[in-house]
Every structure is written in C-alpha cells, then in structure tokens.
Amino acid sequence: MSHPEPLPATRTKTVLYRNGSVYTAADPFATAMVVDGGTVAWVGSEQAASSIVDSSMEVIDLRGALVAPGFVDSHIHLTETGIALESLQLAGVRSAKELLDAVAGVPGNGPVLGHGWDETTWVDGALPTAEELERASAGRLVYLSRVDVHSALVSGSLASASGVRELDGFDGGATVRREAHTAVRQATRRLPQDELRRHQGRALSEAAANGYVAVAEMGAPHIGGAEDLRLAAEWNNSSPESAGVPEVLPYWGELATSEEHARRLVGQFGFGVRGLAGDLNIDGSIGSRTAGLRSAYTDAPVEQGSLYLTVDEAAAHLAACSLAGVQGGFHVIGDAGLDTALAALELAAREVGEQRVRAAGHRFEHVEMVDAAAVGTLARYAVTVSAQPAFDAAWGGPGGLYEQRLGERSRSMNPFATLFAAGVPVCFGSDSPVTPLRPWSSVRACLEHNNQDERISARAAFLGHTRAGWRAAKHSDPMAGQLVPGAPASFAVWEVEELMVQVADGRVQSWSTDPRARTPLLPALDTGTDPVCLQTVRNGVELFASPALRS
C-alpha cells in the first residue's frame with residue numbers, strides 16, 4: 001500500500017472552483033469560489049462564475065463536490081502517529097494468542113513495535129506474559145502500546161534494557177503503566193532526527209489526505225521531549241517542503257511555577273509555542289485505569305487511578321500562565337482529575353484575579369467525566385474543552401469499555417450538548433494515534449452520541465472541528481476557519497453522496513434538503529460512508545490532491 005507523501009509547495013495561478021457546493025456563511029447557495037494566492041477572493045453562484053471566468057484562471061469543475069473549510073485536529077501526536085502508522089496494527093486482535101501470532105509474524109531482527117490492542121474487546125481479556133512475548137519475538141525487544149497509549153505490553157528484554165524494574169507502574173510482568181510506561185516508550189523513541197522527521201512527515205501527509213489544514217501538536221517532556229517539538233514546529237518554516245503540509249500548532253506540556261518560569265518555558269523554543277498546555281497530565285486514561293476517579297473502577301474495586309499533580313501545583317501553573325498571558329491547561333479525564341483542575345482554577349483566580357484567568361483562555365484536554373457543577377465552573381472561567389468525539393463512538397454505549405470500567409457513571413460521559421448549551425468553548429480532535437485521522441467519522445460521532453441527550457447538530461460538530469480549533473489555539477487571524485472573501489484559502493474538497501441540512505433534535509426529521517433553511521449544506525452522514533477527500537489546500541497551497549480531482 002502506498003502512503004501519501006508531502007507535496008512540494010506550488011502556488012498556482014488564480015483558481016476558480018465551480019459547479020459544486022461551497023460551505024460559506026457568505027451565501028448558503030454558493031456553488032463557486034475563486035482563490036487568489038493564499039486568499040479566498042470571491043464566492044457566489046454558477047451564473048456569476050460564468051461571467052468572471054477568463055483564460056488566466058485554472059478552472060476546477062467540482063462536478064457536485066463540496067468545498068468546505070479545512071479541518072483542525074485539536075489534539076495530535078505527530079511522531080507517535082507516524083510510528084503507529086508504520087507499526088504492527090493490533091486493533092483487530094481479539095485474544096492474547098492472536099496478539100502473540102502477530103508478534104511472531106513480524107519480519108527482521110529489530111525491535112517489534114505495535115499499537116492499538118484493547119483487551120476489553122477480547123474473548124477473555126487475559127494478557128500475554130513477558131515470557132510469551134519473549135518467545136514470540138525470538139528475544140527481540142517488544143513494545144506494544146495499548147490503544148490509549150497510557151500503558152503497554154513489553155518483553156522482558158525491553159524491561160531490562162530500559163531499567164524499569166524499580167519504577168512505579170511495573171508489575172513484574174508484561175504490563176507497564178505510569179513511570180514505567182514512560183521509560184520503556186521513550187527507550188524505543190531514541191531515534192535519529194531524520195527518522196523522527198520522517199515519522200512526522202508521514203503523519204502530516206496522512207492528515208492532509210484526510211482534509212486537515214492544521215494540527216495541534218501536544219509535546220511534553222514525558223512524550224517526545226523538547227527536541228521532538230522543535231522538529232514538529234520546523235514544519236511551519238518557509239521551505240518548499242514544509243509549506244506543503246498542514247500548519248502545526250505547537251503546545252508544550254510542562255509545569256510552570258511562576259510567571260517568570262512560564263515565560264522562560266515558552267521562550268526556550270524560539271518559535272510560537274501556543275501555550276503550556278496539552279498533555280500536562282493531571283491523570284491518565286480510563287482504559288489503562290490511570291484516570292483519577294472519585295470512587296473505584298467498577299471492574300477493579302481496589303483501583304481509583306492516578307493523580308500526577310496536586311491542586312497547589314496545578315493552581316500555581318494556571319496562575320503563572322495567567323500572569324504571563326500564556327494559555328495553560330492540562331490533560332484531565334477522570335472526575336477526581338477534573339476536581340483537581342477546577343479547584344486549581346478557583347485557587348489561581350483568588351491569587352491573580354478571575355479576569356486574568358479568563359483572559360488567558362486556558363484549555364483542558366479530554367474532560368470526559370463532567371457534572372453540572374463542573375460545567376458551570378468551566379463556563380465561568382471561559383476554559384476551552386478540547387474533546388475527542390471518536391472516544392464515545394469507540395468505547396461508549398452498552399457493554400463498551402466505559403461501561404465495563406465505570407458502570408452507570410459511563411452514561412454521562414462526554415456531555416457535548418450540555419457543554420455547548422452552557423457556553424463552554426469546545427473544539428474537537430482525534431488524539432491520534434489513539435483514534436484515526438478521520439474527521440467526518442468524528443463529526444458523525446457527535447451526531448450519534450451514545451447518550452441521545454448529548455448529541456449536537458452537524459453544524460455545531462463541524463464548527464467544533466474547524467473554526468473552533470483555530471480559536472482554541474488563539475490564532476491571530478479571526479477569519480481562519482471560514483470561506484468568505486478575504487479569509488485564508490484553507491479548505492478541502494470532498495466527494496459526497498448527498499448534501500443536507502441537519503438538526504440536533506432526534507424526535508423530528510433529522511435531515512432536510514429544504515433550501516429555505518438558508519443554512520450551508522453539509523454531507524449526509526447517515527449513509528454509512530465518509531466523504532472522500534479530493535483536495536486539501538492551506539493558504540492557497542495544495543497539500544493533497546486525488547487524481548480524480550482534475551481527471
């Protein structure tokens with residue numbers, strides 16, 4: 001199977017897109033758009049397009065395709081995504097035996113890297129032992145990350161080589177969590193710069209081929225370290241190779257202890273770090289039972305997860321970021337983890353003032369277990385929630401991972417409609433490689449939320465995946481994420497089966513083709529298939545093009 005490679009950046013002459021549909025607030029009936037350099041110059045009707053076309057333009061016949069603002073992935077790990085795409089794919093295994101057979105089938109004599117296993121989908125859930133992994137791999141180093149990348153299975157030889165036997169989270173067998181997992185994962189990521197860059201380029205190409213024009217890279221000391229984030233940010237430079245990929249919005253997840261310290265952490269990179277946020281972990285994940293809970297896991301009554309930061313530490317971080325005018329934030333999933341984050345918000349506000357905290361525009365990643373009081377606090381402090389709808393699609397619902405781990409508590413998870421209704425800013429991403437870079441599947445997950453009361457409209461979901469991603473990153477251009485004259489020409493072209501207006505209320509007709517709605521049309525996502533990306537363009541530069549676009 002061939003993989004998309006970064007395209008060389010080539011600016012074309014003025015381009016007229018016509019005979020399709022343009023998702024724009026400027027004209028709900030627009031069928032054509034003109035791009036001049038890096039800017040949207042005009043949107044309008046087919047009749048008007050016929051009057052302005054001339055020989056100096058490249059004309060692309062959309063043949064009914066949809067032109068829409070490009071997607072922004074608000075939470076991604078580029079190097080991890082690239083490695084996962086080229087590693088042993090374990091999402092489909094359903095037993096320890098199948099996993100061991102997959103390991104045994106990997107050719108070569110180097111380390112065996114794999115990603116995506118989820119024992120909650122297995123026949124009996126029993127994990128292989130370190131000895132079994134050792135035999136299956138014929139003594140090679142083995143690192144197999146769980147789907148959430150908060151724990152892994154490792155061979156005994158890798159455990160020894162990475163020195164984890166005395167670290168927290170090593171159980172003496174094949175499973176590693178917390179500190180032990182960080183150590184073994186980093187041991188397999190000590191790669192030359194050119195190899196790290198190749199993995200990042202692979203991830204960016206995958207993103208471009210799926211309609212993304214920007215990705216928020218979540219760097220941290222315990223993930224890839226500062227050098228990995230520097231490499232990611234270098235894709236934003238002006239070289240021809242770098243211009244042909246989605247924009248990277250870099251975040252650094254390191255704890256600040258004072259205003260001066262926050263400024264120093266941001267300033268060390270010499271490029272525009274968006275904030276000291278992202279995967280600055282307050283807790284872990286539900287799948288690995290490291291998310292901090294108020295009461296024990298349903299399927300492990302002696303476990304309540306982990307809290308990696310105290311209220312005082314988190315509050316000092318938010319206060320420091322607020323004073324420095326820097327966006328701060330945390331990775332937080334469990335209800336006890338969110339309690340810590342919200343108590344830290346209140347404490348920071350008492351120290352530096354509520355207005356300073358609000359003005360900094362802090363963001364929390366994931367925020368899956370939220371009660372009414374928590375929603376109110378998030379709204380009061382204007383904290384953006386950066387969520388992953390595909391989590392609910394993958395693990396919500398009867399019998400799913402969330403129900404196995406949390407019982408009745410799983411019913412109220414990922415309350416998107418409640419957050420939107422309360423005025424909490426929400427943006428969406430994939431947390432790739434945890435879930436795939438498939439934006440329309442993520443939009444569909446919002447429409448088909450396992451809790452019907454928490455479903456949102458297609459328009460709200462689409463904006464959460466596009467314009468809201470730019471706003472959450474405090475992007476300087478207020479027109480980013482929309483296709484109106486004067487806005488950046490950052491968009492994707494989609495082959496669609498049908499275009500419709502969608503409403504959130506499941507008690508009435510969900511989809512309508514009635515043009516009187518005067519609402520820009522989106523793909524009908526109840527067909528069971530995702531739209532196909534034909535082209536992705538950022539600031540007028542083509543990042544990806546299907547051969548079908550100009551055929």
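The following paragraphs describe the sheets, helices, nonpolar cores and selected residues of a predicted model.

An open sheet of 4 strands is found with the order E4-E3-E1-E5, and its pairing is mixed. At its edges stand strand E4 (39–44) and strand E5 (58–61), each of which pairs on one side only, and from one strand to the next the twist averages 20°. Strand E1 (residues 15–18) is joined to E5 by 4 bridges, and these two strands run parallel; across this pairing, Arg-18 stands opposite Asp-61 in E5.

Another open sheet, of 5 strands, follows the order E8-E9-E10-E11-E12, again with mixed pairing. Here the edge strands, each pairing on one side only, are strand E8 (88–89) and strand E12 (175–177). Within this sheet, strand E10 (residues 142–146) and strand E11 (residues 151–154) run antiparallel and are joined by 3 bridges, and Ser-145 has Ala-152 in E11 as its bridge partner. Two helices can be described in relation to these strands. Helix H3 (residues 96–104) lies across E8, strand E9 (112–117), E10 and E11, and runs at about 135° to E10. Helix H6, for its part, packs on the sheet by touching E10, E11 and E12, and its direction makes about 105° with that of E12.

Helix H6 spans residues 178–187 and contains Arg-178, a residue that has a positive phi of about 50° although it is not a glycine. With a relative accessibility of 22%, Arg-178 counts as partly exposed, because the buried class is reserved for values under 20%. A positive phi of about 50° is also found at Asn-414, which is likewise not a glycine. This residue is placed in the loop between helix H16 (401–406) and helix H17 (416–421), and Asn-414 is buried, since its relative accessible area is 2% and the limit for burial is under 20%. A further backbone feature is the peptide bond from Ser-432 to Pro-433, which is cis, with omega near 20°; Pro-433 is found in the loop between strand E19 (426–428) and helix H18 (439–447). These features are worth pointing out because most residues other than glycine have a negative phi, and most peptide bonds are trans.

Burial can also be followed along a whole helix. Of the 8 residues of helix H2 (residues 78–85), 7 are buried, so this helix is largely enclosed by the rest of the structure. The buried residues are Leu-78, Thr-79, Glu-80, Thr-81, Gly-82, Ile-83 and Ala-84.

The largest nonpolar core holds 71 residues, among which Phe-330, Leu-338, Phe-364 and Leu-378 touch the most other members. Helix H12 (residues 335–352) supplies the largest share of this core, with 8 residues. When neighbours within four places in sequence are left aside, Leu-338 is in contact with Val-332, Phe-364, Val-367, Met-369, Val-370 and Ala-374. A second core, separate from this one, consists of 27 residues, including Val-164, Phe-170, Ala-183 and Ala-300.

Two loop residues were examined in greater detail. Ser-490 lies in the loop between helix H20 (467–472) and strand E20 (491–495), and it is buried, because its relative accessible area of 10% falls under the 20% limit. A polar atom of the Ser-490 side chain lies 3.0 Å from the backbone nitrogen of Asn-539. Apart from neighbours within four places in sequence, the residues in contact with Ser-490 are Pro-69, Gly-70, Val-213, Leu-483, Val-537, Arg-538 and Asn-539.

Glu-254, in turn, is placed in the loop between strand E14 (247–252) and helix H10 (259–267). At 26% relative accessibility, Glu-254 counts as partly exposed, since this class covers the values between the 20% limit for buried residues and the 50% limit for exposed ones. The side chain of Glu-254 is joined to that of Trp-252 by a polar contact of 2.7 Å. With neighbours within four places in sequence set aside, Glu-254 is in contact with Pro-221, Leu-265, Gln-268, Leu-276, Leu-280 and His-317. The C-alpha atom of Glu-254 is separated by 21 Å from that of Leu-167, a residue 87 residues apart from it along the chain.

Terms used
Residues are numbered from 1 along each chain as its sequence is written. This is a predicted model: local features need pLDDT of at least 70, side-chain atom pairs count only at pLDDT 80 or more; totals for chains, interfaces and linings use all residues. Side-chain values use heavy atoms; hydrogens and water are left out. A nonpolar core is a set of buried Ala, Val, Leu, Ile, Met, Phe, Trp, Tyr and Cys residues joined through side-chain atoms within 4.5 Å. Buried means under 20% relative accessible area, exposed over 50%, partly exposed in between (1.4 Å probe, protein chains only). Contact means heavy atoms within 4.5 Å. A polar contact is a pair of N or O atoms within 3.5 Å; within protein, one must be able to donate a hydrogen and the other to accept it, and residues adjacent in sequence count only if both atoms are side-chain atoms. Two strands pair if DSSP finds at least two bridges between them. Axes are lines fitted to C-alpha atoms, for helices over the stretch in contact, and angles run from 0 to 180 degrees between N-to-C directions.
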